[in-house]
Amino acid sequence: SAEEVTASYLEKIDNSCVNGFVTTWDKALETAKSIDKEGQDGPLAGVPIAIKDNISTNGLSTTCSSKILQGYVPPYDAHVIEKLRAAGAVILGKTNMDEFAMGTSTESSYYGATLNPWDTDRVPGGSSGGSAAVVAAGEVPVSLGSDTGGSVRCPAAFCGVVGLKPTYGCISRFGLISYANSLEQIGPLATSVADIATLMDVVAGYDARDSTSINRENSYSDSIKDDVDGLKIGVPEEYFGEGIDEGVEKTVWDAIAKYEDMGASWQKVSMPHTKYALAAYYIIAMSEASSNLARFDGTRYGFRADGDNWHVMASKTRAEGFGDEVKRRILLGTYALSAGYHDKYYLKALKVRTLVKQDFDKALSEVDVLMGPTMPTPAFKIGEKIDDPLSLYLADVNTVPINLAGVPSISVPCGFADKMPVGLQIIGKHFDENTILRAAYSFE
Ligand code: GLN
């Protein structure tokens, strides 16, 4: 029964050693019971799910793993949550993340780091590290994360699970607390591609409250079944650049060879603007963040510091409520948008973004999908990079170009390096999730 399934996962969560949840939902069991009693024929009837803590859940605390949102309980559901509840899913709780989704390791959470279940001395990746770790640890079968520059694919790769960053516009962002809204999408994580497709069938689609969402008739589950005979794969040489781990490189090439065995063909492609993508991404993401986070001033949501007047209260709230990485990004983003520097940094980054997108348009006019490593290395040690933000940013080199272009991309486990899971990244054309899901499914 749904009740038994929910109870068994809740017990696993109680005995967790990965610190993947920041909150569990006290009505999960009750919800499962009522599904058993009343009957539910939705596609996810009784299926437990975990939700990243930046996706708004009515009646359930949503903090972005930040002190500034401590105690904030949204009075409404995000679009994806409405869809999940209607499909019969049972929300078990909210998962840990880098504060406001800014990070690659889930170490910047106010609630402490999440640990990688394969080796608890290592990071689970980020920023949706909680959503990936709890799936990998068997504490929940499926979860939702968000991906602004790799935050679903990176932790999927580091934790050995599947994670999809859909095409920009595929899923409504209504109720997703924005970090960099022109780049991000909500994305599913699971242990199998079939589960990812099932979740996509539920959460994708148009929503009038997000004007960037698009209506497309599609069945993701039906699309995965065909084989990859004749599939044309492009391998961008820039994705195997400086800093790539030898074990990761070998594992990914072995995976590409397996596709050849299955009847696909591959060719090298060049995406010359890849080397500028990281810089452009961080300027755009920080600029958008500095604006999006202006709303957290102690007046409306969560934590409020004392102060004799509004100015003192608001600045003390922000000083005490935000962590170091968030403050760094607000300062850099404000600088990049300020008069005199706007053209030099922000507008320049937007021009680079167009060039990066054109690289994808050109490469994907010659092949069906692109393949490469999701991350240049396996999961690194906890504490190894957290004091050196630039080295953390560099880890995103293969994931951020995809968000600049808005194309879909999936990370599937393809083997091990240094005894840690390696993710194969499969990138597709805009709204061609079906082809990358099919390619990923064939590999499993
Ligand atoms: N690591 C990237 C960043 O810190 C991506 C984060 C994300 O996708 N939310 O911006």
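## Exercises on strand 9, the core and the ligand shell

Gly-234 stands opposite Leu-370 in strand 9. Strands here are DSSP runs (E) of at least two residues, and helices are runs (H or I) of at least four, numbered from the N terminus. The model is predicted: local features need pLDDT of at least 70, side-chain atom pairs count only at pLDDT 80 or more, and totals for chains, interfaces and linings use all residues. Residues are numbered from 1 along each chain as its sequence is written.

**Exercise 1.** Find out in which sense strand 9 pairs with strand 7 and with strand 11.

*Solution.* Two strands pair if DSSP finds at least two bridges between them.
- Step 1: strand 7 (residues 232–236) runs parallel to strand 9, with two bridges.
- Step 2: strand 11 (residues 420–427) is antiparallel to strand 9, with four bridges. Here Gln-425 is the bridge partner of Gly-372.

**Exercise 2.** Look up the contacts of Leu-92, leaving aside neighbours within four places in sequence.

*Solution.* Contact means C-beta atoms, placed from the backbone, within 7 Å.
- Step 1: among the partners of Leu-92 are Tyr-9, Leu-10, Trp-25 and Ile-49.
- Step 2: others include Pro-48, Ala-50 and Val-140.

**Exercise 3.** Sort the residues of the shell around the ligand by type.

*Solution.* Ala, Val, Leu, Ile, Met, Phe, Trp, Tyr, Cys and Pro count as nonpolar, Asp, Glu, Lys and Arg as charged, and the others, Gly among them, as polar.
- Step 1: the shell holds four nonpolar, seven polar and two charged residues.
- Step 2: of these 13 residues (C-beta atom, placed from the backbone, within 6 Å of the ligand), the nearest include Ala-101, Thr-104 and Ser-151.

Notes
Contact = placed C-beta atoms within 7 Å.
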